[in-house]
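Here are a few exercises to work through with the model open beside you. Try each one yourself before reading the solution.

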2 protein chains.
Amino acid sequence: MSDLSQAPRLAGPRPVSAPRGTDLHCADWQIEAAYRMIQNNLDPAVAENPDALVVYGGIGKAARNWPAFEAILESLRQLQPDETLLVQSGKPVGVFRTHAGAPRVLIANSNLVPRWATWEHFNELDRKGLMMFGQMTAGSWIYIGTQGIVQGTYETFVEAGRQHFGGDLAGRWVLTAGLGGMGGAQPLAASFAGACSLNIECQQSRIDFRLRTRYLDKQARDLDEALALIQHHTSRKEAVSIGLCGNAAEIVPELVKRAKAGGPRPDIVTDQTSAHDIINGYLPIGWSVEQWQAAQKDPAQHATLKQAAGESCAQHVRAMLAFHAMGIPTVDYGNNLRQVAFDFGVQDAFAYPGFVPAYIRPLFCRGVGPFRWVALSGDPEDIRKTDARMKELFPENKHLHRWLDMAGERISFQGLPARICWIGLGDRDKAGLAFNEMVRTGELKAPIVIGRDHLDSGSVASPNRETEAMQDGSDAVSDWPLLNALLNTASGASWVSLHHGGGVGMGYSQHAGVVMVCDGTKEADEKIRRVLWNDPATGVMRHADAGYDLAVECAKEHGLKLPMVGK
Amino acid sequence: MSDLSQAPRLAGPRPVSAPRGTDLHCADWQIEAAYRMIQNNLDPAVAENPDALVVYGGIGKAARNWPAFEAILESLRQLQPDETLLVQSGKPVGVFRTHAGAPRVLIANSNLVPRWATWEHFNELDRKGLMMFGQMTAGSWIYIGTQGIVQGTYETFVEAGRQHFGGDLAGRWVLTAGLGGMGGAQPLAASFAGACSLNIECQQSRIDFRLRTRYLDKQARDLDEALALIQHHTSRKEAVSIGLCGNAAEIVPELVKRAKAGGPRPDIVTDQTSAHDIINGYLPIGWSVEQWQAAQKDPAQHATLKQAAGESCAQHVRAMLAFHAMGIPTVDYGNNLRQVAFDFGVQDAFAYPGFVPAYIRPLFCRGVGPFRWVALSGDPEDIRKTDARMKELFPENKHLHRWLDMAGERISFQGLPARICWIGLGDRDKAGLAFNEMVRTGELKAPIVIGRDHLDSGSVASPNRETEAMQDGSDAVSDWPLLNALLNTASGASWVSLHHGGGVGMGYSQHAGVVMVCDGTKEADEKIRRVLWNDPATGVMRHADAGYDLAVECAKEHGLKLPMVGK
Ligand SMILES: NC(=O)c1ccc[n+]([C@@H]2O[C@H](COP(=O)([O-])OP(=O)(O)OC[C@H]3O[C@@H](n4cnc5c(N)ncnc54)[C@H](O)[C@@H]3O)[C@@H](O)[C@H]2O)c1
Ligand SMILES: NC(=O)c1ccc[n+]([C@@H]2O[C@H](COP(=O)([O-])OP(=O)(O)OC[C@H]3O[C@@H](n4cnc5c(N)ncnc54)[C@H](O)[C@@H]3O)[C@@H](O)[C@H]2O)c1
């Protein structure tokens, strides 16, 4: 039994923030990185509800409870460079001797035998103190704040541009709705991608918030002014975002009418109202926001509200279908809007695709996904230097340059300074080795931690989202994320995690996380070469196995050994 | 893309058997071991249906289809000592560079996102060629034939003896029924454990088969003779097994009556009729076997058959409850008999425990489980030498000695010579190091492969079997087997696997396998020390975390570092 008698016996909430600077609290930087990152996840500047240990995404937590959190810290402080700490649903359960080339932490969060994989059973275990919901990067200690959603949305728009407009969104405009927690990233992401955007939002307060944080550039008084502004800026190829207060279920059909009458046509159409929750998330046509909010709170009105919201969603989708029929790229943004419309009588609601099959999967086929890194020094200068290095490493990647410039200018750091960008097989290990070199030479003040979301190319099975509509029908096969975690462990990642239920809830997904610390050593070079190559390569493998030509080509290009692909 | 153009292009069934001797077909013995073991699993002497690649347990397979099987062999022949082969549901999907200290093969079989984890969805994927059922040791290439079930049953009886009779079953007798595929191991296992047994079986052909293979010693003409034989042999402390042709639902109640009237009382009561399937598995009272078999084939009679079988199960369980009430150790052997009886009106059917909570869990608490090894030389002499070495290593373990002697005498090898015995934390690494030394010195002709069933202390979550009725209610938490697989990978096992659905079917279990090759090298010493210690240690950890005193003590004794146990 390890002696934790010296451990601080704090068992309740306290303000947490990661140590900065170069002093070590643990045996080496591989361990120190985990020590800092779990604390960074709970920094009030990062976490949504730090007192409850909630990082993001509903109840996605970094540790099961406060005593478990303190015991994780203490275990890391005592951990030796040839030992591995096991974390079970946010609780440190064992320390074992492994070897220097193995991960220092192995994590399994929220995993349940399938027959019992429901919120009911999870909640029961949670109440008993036996479980925790790890979401994706919450329980695997690599969440970096809202930069992630901006970047993911940016990549989606960029890929749309690549597919439909020769990679150039200048002079194009995106029509969307919803400026909430996630949807609020759309105007900024569209601007970063080089497009104008018209963002319909029914609550003025949401528009105000996005104007204040500079995620949104301007608000139009009415539709005519909005279209005039769009016309003005697109003709000048300026990427400007326009907010419009109103109901998407009314305005989008009106836009269809005008387009049919020869008026302006959007270049990309999508939506991020909260249609997945038609009691609280979608304002019905003709209702005022006050009336809507009152009905939300009054269960007696729920049936009426549901009916009205559902019918409005149907109108909204009919309009999106009309744009789709005009040949305008139209996608669902994972908010279940098509399903609601279908339930309310729109038989061809699913005629336009979801954003993952349409725009994310082609990226996944090349192992491209949300690569992120954090400066353990705490110094923003370290991130600025890595930004510059990234531009040198990938001189031809204009979208990347654009992103890095815009992000450097407009994204404020939360907690330890961090950067995210989507890069793929062949680029991730290159970046990792470059960062490790910068740590080695002292160009950076302290080591860099590299990680990614579980929403990535080879690391997730989630049939309602990341693996929706796979070409071969293998949406629900979760062998792939398990192999991803096992291979990253075998490759010597710094920490590896296996989760269940992230993104879409209990029973609906299984996924894996990985983190690699660039501590400047030669040993880290070796590990980086393996981990940051193998990890995206499993994504290319998974998609090549499913028959995607893009992935098969990418595998060939990079000389992957896939024994049965093409056989 | 790897070049498999030289691969034999066999795509259909062929007789398979593992190479013997010391010539290598692969780069080293770590890889050669996997190469031999997958073939050994499909040896006609081992596999139940080798042409269909089925090893055991319904449709538990070693490879997805014949082309996948051939591609696995070819991939292993080409694999380098710093590479790792990934196998996804029986198909080789990728070869990646890792390092010499990492596993050579990583396997994920039959894993499905929980919401889709049903036989229906699995079958659909199976038909499309996207999946395979791996059972436990079938898809992880470490099945060794029926020796496993004899040994598992033996350990169950021995543990019962330990708990109820001071570790001595001499002069005791077991009452049971069912001499089918699994149940037929009972008489031999009881004899090995030192007890007499009375085995009721309704089909004479089954009794004949067990007499022929010497799993059963004698058949009694009737109950009177059976009891006379029991009386005769128990009084002489001879371990003799007696078969009795008849219906357990009639004979067990009759035995209760006699016991209540002062007649003989069994010392242990259990049952292995196939009550889990009341159409095909349980003969109703008053029915002839011929009538029963005809009714099985005639759907029109199923309702009647079900009713009659269910009522008979109820009678049977009432009798077992009566023995239980007399203080006689009575356990369910995982055949669902209690549930059927409950459904047919026996409200207290669950008053006596299942065999896992009663007898297996105390073993699991000390990391004791089904340790097995195989002689890659193919020479039975190698196993005889390891048997002798085991007895030297564990001079005080009388049950182990008894097992090894009996097994050496009465168990015939299937495929490569192999041995199984249940040992725990602290003993497994000791045995592994001893075997490795014997390989190094040349005492053994070729390396030894050590593995285990997935049914083990730290490697399975299966709420209807291995993790039924955990003390803290954590039956369905599958973080544990995932951590087990990750840790074994980090510890440098030779191959590691993660499966779903073994033993109890789709949706009902998640479990991990591990194999370690003793190739005589110093590097293997290091790996053995880690893997064969850490693997059972995760079992002790899991049970200590659930609050079992035995496990907490065992963890203390062995100095395990469990940060929050006892806190
Ligand atoms: N699949 C993915 O990866 C993914 C990514 C981002 C968002 N989403 C989905 O997008 C949706 C939005 O997410 P969020 O976090 O921003 O939700 P949110 O509830 O914070 O925001 C929704 C916004 O829509 C507005 N709205 C509602 N009805 C409207 C109407 N009829 N017209 C105009 N505006 C209206 C609301 O006022 C609110 O501001 C959710 O359904 C979410 O699940 C999915
Ligand atoms: N949980 C475990 O680990 C575990 C281990 C071993 C066996 N089991 C269970 O034990 C049961 C037996 O397994 P098996 O493979 O031997 O099955 P099986 O079908 O091969 O054998 C069952 C035998 O019971 C006999 N039988 C049926 N009704 C009878 C009656 N009324 N009286 C006397 N004999 C009767 C049949 O003739 C048959 O020989 C199954 O339900 C199996 O699931 C469970």
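**Exercise 1.** How far is an oxygen atom of ligand 1 from a polar backbone atom of A:Gly183? Then work outwards to the rest of the shell.

*Solution.* Keep in mind that this is a predicted model.

Step 1. Start at the backbone: a polar atom of A:Gly183 sits 2.9 Å from an oxygen atom of ligand 1.

Step 2. Move on to side chains. A:Glu201 puts an N or O atom of its side chain 2.6 Å from an oxygen of the ligand, and for a polar side-chain atom of A:Gln203 the distance to a ligand oxygen is 2.9 Å. Polar contacts are counted within 3.5 Å, so these pairs qualify.

Step 3. Now check the cover. On its own, ligand 1 exposes 860 Å², and the protein buries 86% of that.

Step 4. Look at who does the covering. There are 25 residues around ligand 1, and those that come nearest are A:Gly183, A:Glu201, A:Asn247, A:Ser274 and A:His276. By class, the shell has eight nonpolar, 14 polar and three charged residues.

**Exercise 2.** Which residues of chain B are closest to ligand 2, and which backbone and side-chain atoms meet its nitrogen atoms?

*Solution.* Step 1. List the neighbours: of the 25 residues that surround ligand 2, the closest are B:Met182, B:Gly183, B:Glu201, B:Ser274 and B:His276.

Step 2. Take the backbone. A polar backbone atom of B:Cys202 is 3.3 Å from a nitrogen atom of ligand 2, and one of B:Leu283 is 3.0 Å from a nitrogen atom of the ligand.

Step 3. Add the side chain of B:Asn247, which has a polar atom 2.9 Å from a ligand nitrogen.

Step 4. Finish with the area: ligand 2 alone has 870 Å² accessible, and the protein covers 86% of it. The shell splits into eight nonpolar, 14 polar and three charged residues.

**Exercise 3.** Describe the interface between chain B and chain A: how many residues touch, and how much area is buried?

*Solution.* Step 1. Count contacts: 85 residues of chain B meet 85 residues of chain A.

Step 2. Go to area. The two chains bury about 7200 Å² between them, with 68% of it on carbon and sulfur atoms.

Step 3. Look for charge pairs. Side chains of opposite charge can pair when their charged atoms come close. The interface has five salt bridges, including one between B:Arg97 and A:Glu526 at 4.0 Å, N to O.

Step 4. Add the polar contacts, found for 28 residue pairs across the interface. On chain B's side, helix H16 (residues 479-491) gives the largest share, ten residues. That side as a whole divides into 47 nonpolar, 25 polar and 13 charged residues.

**Exercise 4.** Which parts of chain B does the pair B:Asp535 and B:Arg428 tie together?

*Solution.* Step 1. Check the pair: the closest N and O atoms of B:Asp535 and B:Arg428 are 3.9 Å apart, and the two residues form a salt bridge.

Step 2. Place both residues. B:Asp535 is in helix H17 (residues 522-545) of chain B and B:Arg428 in helix H15 (residues 428-440), so the salt bridge ties together parts 107 residues apart in sequence.

Step 3. Set the pair in context: over all chains, the count comes to 61 salt bridges.

Definitions and conventions:
Residues numbered from 1 in each chain as written. Chains lettered and ligands numbered in written order. Predicted model: local features only at pLDDT ≥ 70, side-chain atom pairs only at ≥ 80, totals over all residues. Heavy atoms only, no water. Near = heavy atom within 4 Å. Polar contact = N/O pair within 3.5 Å; in protein donor to acceptor, adjacent residues only side chain to side chain. Areas by Shrake-Rupley, 256 points an atom, 1.4 Å probe, with all protein chains shown as cover. Nonpolar A, V, L, I, M, F, W, Y, C, P; charged D, E, K, R; others polar. Contact = heavy atoms within 4.5 Å. Buried area = accessible area lost by both parts, 1.4 Å probe. Salt bridge = Lys/Arg side-chain N within 4 Å of Asp/Glu carboxyl O. Helix = DSSP H or I, 4+ residues; strand = E, 2+ residues; numbered from the N terminus.
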